[in-house]
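Dear colleague,

I am passing on a structure that may be new to you, and below it I set out what was found there. Please read the notes with the model open beside them.

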Amino acid sequence: MRRELTNLRKGMKSMFVVVFIAVFGSSIIGATLFGVSLNKLVLVPLEIYLLFQNGRNLRFQVGGRQKKLISWYIVACLGSLSGILFSVIYNTKVTDELIQRAGLQIFSYLFLLLPVALMLWNSRQEYEYAACFRKALIWTARIQTLWGIAQFALMQTIRFDLNSIVLGGVFGGDWTRYSNIANSSVGVVMRVTGINRDAAFLGLLLLIGFILETKPIHKFLYVVCALLALSRVALVSIVFIVLYQLFIKLKSRTINNKALKKSAKYGAVVIILIIVFVRIYWQSPALQQQIIRVLERFSTVITGEDGTNRHIGYPIAVVQLELFNIPLIQKFVGVGNQCGGILMSYYSNAIQWLGLASSMLKLNYVWTVESDIASVFLETGIIGGILYYSFFYKCFRAAGIDTKKRSLVLGLAVFGVMYNMAGGSFIQLVYISLFATDYVLTEDTKVSINGAKRNKYKRKLVYNSGELLQSEHYS
């Protein structure tokens with residue numbers, strides 16, 4: 001038994017390395033290697049590893065949630081072909097770009113994500129993989145957070161552009177993002193992006209890390225990094241999750257001495273961190289400007305500046321377009337992931353009230369709508385939208401008493417109202433590994449997992465923070 005556990009731990013180390021490469025690599029948005037997008041390329045080692053480890057005698061069986069995710073992949077591929085058809089029929093200037101994107105999306109979903117999903121779900125080590133994914137997601141969020149904070153600190157102290165010099169030297173291109181907004185009372189303010197080109201996408205990593213994380217110091221750093229990224233979507237989503245978890249705890253009424261001691265210890269750490277942050281704040285004019293700019297961005301919810309009106313109006317505009325403007329084929333299957341903006345550009349006269357930016361009105365490039373609740377229906381149509389959100393609903397229901405998994409499903413759903421994420425490889429790995437499996441995220445929840453569908457084993461697995469604590473095999 002001891003030898004089995006030793007071998008299992010060694011196997012999990014190699015498994016974790018491959019999983020971490022996939023998760024961390026897919027979190028780097030904007031990078032390319034050998035002319036191929038890095039967040040697609042890093043899926044290849046994981047696929048090969050799964051194939052060698054689980055490829056023999058593998059029988060593909062999928063459950064309800066898994067069927068919905070696979071069906072959404074198929075609809076997304078049909079949407080990509082539909083987007084090309086739309087561009088050809090209506091003689092737009094983006095046909096070539098759509099063909100390139102469609103080829104990449106179809107290859108990504110059918111030959112990378114789908115095989116990874118099927119092999120992971122049908123592996124005898126499904127829950128070991130899920131544990132590795134959870135650990136990799138936490139470490140990815142930590143690394144991205146520390147990089148973002150370092151990016152800000154180095155620029156403000158010694159004017160060292162960490163992203164442009166380091167990432168630009170490795171991947172090429174401009175890796176620094178600044179927010180130069182005329183109505184800002186503090187002028188040009190830096191938006192940290194982490195190890196990618198998009199501050200809003202960094203917000204997604206921060207939200208996932210905040211939910212999965214167990215250490216209060218890292219949770220605090222996620223919030224600090226969200227402030228430095230000026231990410232309203234991350235801050236709102238994190239606040240929502242905190243309130244939701246507080247509501248669940250108060251509703252459960254399971255407060256005992258152990259829980260009170262843990263809460264007191266947790267609260268003491270948070271108070272100390274806040275005191276340290278306030279002290280740094282008063283001694284750092286750059287940080288003061290950052291906080292002022294964050295507050296200004298939230299005030300635009302009332303004024304409608306900073307594109308706030310447009311973000312709020314996206315879902316309404318999609319309903320209008322779906323009902324009265326979009327052709328039948330695109331109405332049902334969309335125009336392909338990350339391409340939904342071309343429909344808004346083409347029918348911009350019908351939604352003048354939305355106030356699209358001048359660059360969005362020109363139908364000479366492909367763009368995506370910055371709201372999942374809008375982009376999913378434009379990019380995968382009514383069929384894809386129903387599949388996507390019914391997948392979320394089933395995941396929430398299946399989570400049961402696993403409050404952390406429920407928090408993750410709700411948090412990503414709220415995030416998707418304000419920003420787009422559905423089409424990316426990174427979030428699909430989250431869906432495949434955590435949403436579509438029965439792996440438990442809440443540390444104090446013990447669960448017996450019946451592996452009868454594999455016909456040979458019933459396994460009882462208990463994990464804590466991605467580490468295997470116990471494994472029993474019996475017939």
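A charge is taken to sit over a ring if NZ of Lys or CZ of Arg is within 6 Å of the ring centre and within 35 degrees of the ring normal. Please keep in mind that this is a predicted model. In it, the charged end of R197 sits over the ring of W175, at 4.8 Å from the centre of that ring. K219 lies over the face of F210, and here the distance to the ring centre is 4.3 Å.

Turning to rings that pair with one another, a search of the whole structure finds 28 aromatic pairs. For F391 and F392 the ring centres are 6.4 Å apart and the planes stand at 80°, so this pair is edge-to-face, given that planes over 60 degrees apart are counted in that way. F391 is buried, with a relative accessible area of 1%, and F392 is buried as well, with a relative accessible area of 6%. Both F391 and F392 belong to a cluster linked by ring pairs, which also takes in W72, Y73, Y109, F377, Y388, Y389, Y431 and F435.

A last point concerns V170, which is found in helix α7, a helix made up of residues 162-171. With a relative accessible area of 55%, V170 is exposed, because the term applies to values over 50%. V170 and L33 are 137 residues apart in sequence, while in space their C-alpha atoms are 9.2 Å apart.

With best wishes

How values were computed:
Residues are numbered from 1 along each chain as its sequence is written. This is a predicted model: local features need pLDDT of at least 70, side-chain atom pairs count only at pLDDT 80 or more; totals for chains, interfaces and linings use all residues. Side-chain values use heavy atoms; hydrogens and water are left out. Rings of Phe, Tyr and Trp (its six-membered ring) pair if their centres lie within 6.5 Å; planes under 30 degrees apart count as stacked, over 60 as edge-to-face and the rest as tilted. Buried means under 20% relative accessible area, exposed over 50%, partly exposed in between (1.4 Å probe, protein chains only). Helices (H or I, at least four residues) and strands (E, at least two) are DSSP runs, numbered from the N terminus.
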